[in-house]
Protein chains: 2
Amino acid sequence: MMNGNLLLVEDDPALADLLKWHFEREDFRVSHTPDGDEALLLAAETPPDIILLDWMIEGISGLEVCRRVRRAPETANVPIIMLTGRGEEADRVRGLETGADDYVTKPFSPRELVARVRAVLRRVRPALAGEVLKFADLEMDIVSHKVKRAGKTIPLGPTEFRLLRHFLEHPGRVFSRARLLDSVWGRDRDIELRTVDVHIRRLRQAINIGGKPELIRTVRSAGYALDDDGG
Amino acid sequence: MMNGNLLLVEDDPALADLLKWHFEREDFRVSHTPDGDEALLLAAETPPDIILLDWMIEGISGLEVCRRVRRAPETANVPIIMLTGRGEEADRVRGLETGADDYVTKPFSPRELVARVRAVLRRVRPALAGEVLKFADLEMDIVSHKVKRAGKTIPLGPTEFRLLRHFLEHPGRVFSRARLLDSVWGRDRDIELRTVDVHIRRLRQAINIGGKPELIRTVRSAGYALDDDGG
DNA sequence: GCGAAACTGTCATATTCCTGTCATGGAACC
DNA sequence: GGTTCCATGACAGGAATATGACAGTTTCGC
């Protein structure tokens, strides 16, 4: 099982190789560049699942890369872990406040770094970490492809499963029908917007068992969202 | 502005006080307990926004607390930062793999801890990181499309939502009806000026719950404004 | 392969909720 | 007191969503 795409920005070749080896052993696909500007290009082209970013690199500084990754809409949500020789508290605080998700000081253990990457990914892309997605009394096990509500297994069709998974990965957030078609059906498919309604209904029908409260909120003129307190 | 509720599980009174002081200064509401079992009770009762968890505490171990917090549906998504004296790599990896979001080794700087808490919260609750418009006791979360007054969710129709959003984006400023029609309805639409009054009324009706003060001020012969001191 | 069962996308229809307008009453201003 | 402006309640039409049904397709067990 592939764990995710990782972009490594590191100009020390020895360290880069070491990390590459470790992460590839853990089933990550690793892209590597020593250069800040190139990192931005790579990230914009195909956003990775996570970025490991050395503070001191060729071209623009790591901090600046971090800032720009955050600013670009297509990479704004990609998590970043900063790697650095600087152990100063002020630097760490600055790194974290610039938008980094974690900050690791050299020397560090590759195993710990792997664990930290997993911890961050668990948050951002629970599915990539082989996690069980949970929301209220709903559980989805990606690996075994099972969904439960209040402990009771729920049968779901493929589309409803992907739809629910998408909601569980972004709980609370409202998605327009167009957006859902893009991310759940696929950007290239040509499907009627209203079809989303139908699948929402099927999903609702499936998960609203035994008088349990509605979990999918309709937001008129906006779309749908996973939500517990407001039907 | 309140930053979130924080549950601190720490049995060293001196350290607990220090952290409490720091986080309260940063506008977190801090609950504290030295005991693992009580921590679980507190967390289950009113899930905090984040948990700071010492590894070595009274009662059950921090690691076990972490595991159980993850298992309970109502707290499964609450982020956890482990605090510990253990610097052993194996422990750190174990902590992170058990479901902790971050792992900080004593001695640590309170400021860095605050920064880490913010970094984690930024991920988990974009709501706490500026995606939310606030005014007085009113909150609007753009992403989840929700509006709350004094913590209570308020249902709003699409137009009222856009209207309120416009006010929240320009608090205090007075807008003429014509201006509001332009920015909230759209420049091209041909709608009666007086219609604005009606929607203002609907908005007022919706957000003035439980005797709360009026937030929308009428400026005679000029328009309306979001304002807390004048009805 | 074959038939049954399940899944998909679409439509027509029902239903719900929202919207803009008006008539009327009331408040502020002069 | 008269005028101007705003607040309110009611309402019909409309827009957005929910629902039920259906034919085409895929999947699965055998």
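Two strands are said to pair if DSSP finds at least two bridges between them, and helices (H or I, at least four residues) and strands (E, at least two) are DSSP runs numbered from the N terminus. The model is a predicted one, in which local features need pLDDT of at least 70 and side-chain atom pairs count only at pLDDT 80 or more, while totals for chains, interfaces and linings use all residues. Residues are numbered from 1 along each chain as its sequence is written, and chains are lettered from A, with ligands numbered from 1, in the order in which they are written.

**Exercise 1.** Find which residue stands opposite D54(A) in β4(A), and describe the sheet around it.

*Solution.* Begin with the pair of strands: β3 (residues 50-54) and β4 (residues 80-84) of chain A run parallel and share four bridges. Within this pair, D54(A) faces L83(A) of β4(A). Then widen the view to the open sheet of five strands, whose order in chain A is β2-β1-β3-β4-β5 with parallel pairing. Its edges are β2 (28-33) and β5 (102-105) of chain A, each of which pairs on one side only.

**Exercise 2.** Determine which strands α5(A) touches, and which share it gives to the side of chain A that touches chain B.

*Solution.* Taking two residues as in contact if their C-beta atoms, placed from the backbone, lie within 7 Å, α5(A) packs on the sheet against β1 (4-9), β3, β4 and β5 of chain A. Next, turn to the interface, where 30 residues of chain A are in contact with 25 residues of chain B. The largest share of the chain A side, eight residues, comes from α5(A).

Terms used. Axes are lines fitted to C-alpha atoms, for helices over the stretch in contact, and angles run from 0 to 180 degrees between N-to-C directions.
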